[in-house]
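Biologist: Please take a close look at the aromatic rings in this model. Walk me through how they pair, and then show me what surrounds them.

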Amino acid sequence: MESFIQNLFAERIGGKNYGKDNKIYKFEKIKRAKREAMEKNPGISLIDFGVGEPDEKAFDVVIAALKKEADDPANRGYSDNGIVEFKAAAVDYMKKVYGVTGLNPETEVIHAIGSKSALAMMPSAFINPGDVALMTVPGYPVFGTHTSWYGGEVYNLPLKKENGFLPDLTGIPGDILKRAKVLVLNYPNNPTGAVADESFYREVIEFARRNSIVVVVDAAYAALVYGGKPFSFLSIPGAKDVGVEIHSLSKAFNMTGWRMAFVVGNELVVRAFADVKDNYDSGQFKAVQKAGAAALQNPDITDKINVKYERRLKKLVALLQRLGFEVEMPGGTFYLYVKIPRGVKGGRRFETAEEFSQFLIKEMLISTVPWDDVEPNVRFSATFEASGIDDEERIMKEVETRLAEYTFEF
Ligand SMILES: Cc1ncc(COP(=O)(O)O)c(C=O)c1O
């Protein structure tokens with residue numbers, strides 16, 4: 001007999017039908033295809049470009065700080081909305097790395113237990129039923145999920161190659177603009193690897209002012225840039241009047257599991273976020289915050305991490321170009337967003353990125369993440385596992401050999 005609990009679920013997770021939907025979602029499809037390919041080809045290693053997090057642990061200086069601070073009884077309790085040491089370190093970091101000055105550590109910065117949590121909580125400060133959040137696609141959907149859960153609506157702004165993967169803010173219908181309260185941006189962008197420049201952000205500030213819209217910049221990859229300097233939205237005059245930026249220690253400091261991020265910028269937004277957050281969690285463990293401060297005091301950690309990603313991305317770009325793919329070095333992140341081929345010579349056609357990604361897994365044990373939201377592309381991540389440069393070279397050669405078995409048509 002079915003449990004009475006089945007009838008109690010909220011509509012936002014499927015209501016009475018919760019758990020009965022047999023649609024298989026993207027990441028589950030990838031997981032199943034990987035399992036099947038490995039079972040069929042026990043002697044061949046699977047090369048995984050699908051992982052969205054660093055392949056190495058945090059740096060020693062950060063781990064040492066955690067060990068020391070974890071032992072200190074003063075760090076034991078709830079930290080509520082955060083400790084001053086972390087806030088001060090975040091303000092210094094913004095100045096040192098992004099040239100953002102004049103931030104008040106008391107009122108304009110607050111920690112979060114990862115930027116995912118910050119993005120999940122922020123809608124409750126702004127979204128009433130019927131309100132709109134403007135969000136870029138393809139992208140990280142968390143802010144949008146919670147917007148819908150609050151009865152709001154998500155309006156998608158497609159990111160296309162022809163526009164440098166920047167959204168077109170001029171084509172949004174008037175009715176949507178009237179109801180829009182928040183614009184969520186993410187640069188350097190997951191999955192496209194695109195970066196936003198100063199002129200785009202100036203346009204964003206103007207747009208936000210004109211339409212009374214709060215800007216939330218998800219800066220999870222802000223420090224991972226190639227061929228340029230890390231750039232903050234907040235370094236532009238007027239940015240602080242319209243919004244906030246969310247920085248994460250996950251990718252830039254190899255600290256995904258540690259759950260440390262911070263929201264910085266507009267005082268009113270930070271205050272509202274703090275009030276909301278206070279009703280969700282009681283703050284990250286103070287020892288983790290202090291270790292996070294140690295990371296922020298050592299931004300050269302990111303420089304070291306970047307050397308590896310840049311080297312790997314360059315190799316991947318060159319390799320894919322040799323095989324005929326249209327691909328360029330991304331401006332930032334550790335992702336490469338690759339337009340799929342139309343098919344293979346004398347064989348299969350690919351209509352969607354999902355089909356191509358399944359083909360790569362099943363035929364050559366190469367795993368990527370497909371994106372079909374706007375233009376069919378697969379995402380390769382430079383965070384694949386390799387023990388040292390020689391091993392990395394070996395993996396690259398192996399990837400090229402496997403891909404070269406087919407002639408792709410574009
Ligand atoms: C664009 C984007 N924003 C936010 C996050 C979440 O990062 P965090 O570990 O800080 O929660 C990710 C993680 O993959 C991401 O890709």
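Modeller: Start with the rule for a pair. Rings of Phe, Tyr and Trp (its six-membered ring) pair if their centres lie within 6.5 Å. Planes under 30 degrees apart count as stacked, over 60 as edge-to-face, and the rest as tilted. Keep in mind that this is a predicted model. By this rule the count comes to 25 aromatic pairs.

Take one of them, Phe165 with Tyr337. Their centres are 5.5 Å apart. The planes meet at 85 degrees, and the pair is edge-to-face. Where do the two residues sit? Phe165 lies in the loop between strand 4 (153–158) and helix 7 (174–179). Tyr337 belongs to strand 9 (residues 335–339). The two are 172 residues apart in sequence, so the pair ties together distant parts. Are these residues buried or exposed? The cut-off for buried is under 20% relative accessible area. Phe165 has 12% relative accessibility, so it counts as buried. Tyr337 has 9%, so it is buried as well.

Now a second pair, Phe325 with Phe410. It is edge-to-face too, with 5.0 Å from centre to centre and 75 degrees between the planes. This pair also links distant parts of the chain. Phe325 is in the loop between helix 12 (300–322) and strand 9. Phe410 is in the segment after strand 14 (408–409). They are 85 residues apart. Phe325 is buried, at 5% relative accessibility. Phe410 is partly exposed, at 38%.

These two residues also belong to a wider group. Phe325, Phe350, Phe356, Phe359, Tyr406, Phe408 and Phe410 form one aromatic cluster.

Rings can have charges over them as well. The charged end of Lys26 sits over the ring of Trp371, 3.6 Å from its centre. Arg379 does the same with Tyr335, and its charged end is 4.0 Å from the ring centre.

Next, the strands. Recall that Phe165 lies in a loop that follows strand 4. Strand 4 pairs with strand 3 in the parallel sense, over 6 bridges. Within that pairing, Thr136 stands opposite Leu157 in strand 4. How many residues of strand 3 (residues 132–137) are buried? The count is 6 of the 6, so strand 3 is largely enclosed by the rest of the structure. In a regular strand the side chains alternate between the two faces of the sheet. In strand 3, Val132, Leu134 and Thr136 are on one side. Ala133, Met135 and Val137 are on the other. Both faces are covered.

Strand 6 (residues 214–219) gives a second case. Here 6 of the 6 residues are buried, so strand 6 is largely enclosed by the rest of the structure. Val214, Val216 and Asp218 point one way. Val215, Val217 and Ala219 point the other way. Strand 6 runs parallel to strand 5 (residues 180–186), and 5 bridges join them. There, Val184 stands opposite Val216.

Finally, look at the surface. Phe4, Ile5 and Leu8 make a nonpolar surface patch of about 350 Å². Ile5 is in the segment before helix 1 (26–40). Ile5 counts as partly exposed, at 42% relative accessibility. Arg311, in helix 12, is partly exposed as well, with a relative accessible area of 26%.

Definitions and conventions: Residues are numbered from 1 along each chain as its sequence is written. This is a predicted model: local features need pLDDT of at least 70, side-chain atom pairs count only at pLDDT 80 or more; totals for chains, interfaces and linings use all residues. Side-chain values use heavy atoms; hydrogens and water are left out. Helices (H or I, at least four residues) and strands (E, at least two) are DSSP runs, numbered from the N terminus. Buried means under 20% relative accessible area, exposed over 50%, partly exposed in between (1.4 Å probe, protein chains only). A charge sits over a ring if NZ of Lys or CZ of Arg is within 6 Å of the ring centre and within 35 degrees of the ring normal. Patches are made of residues with over 30% relative accessible area and no salt bridge: like charges are joined within 9 Å, nonpolar side chains (Val, Leu, Ile, Met, Phe, Trp, Tyr) within 5 Å. Accessible areas come from the Shrake-Rupley method with a 1.4 Å probe; for residues, only the protein chains shown count as cover. A salt bridge is a side-chain nitrogen of Lys or Arg within 4 Å of a carboxyl oxygen of Asp or Glu. Two strands pair if DSSP finds at least two bridges between them.
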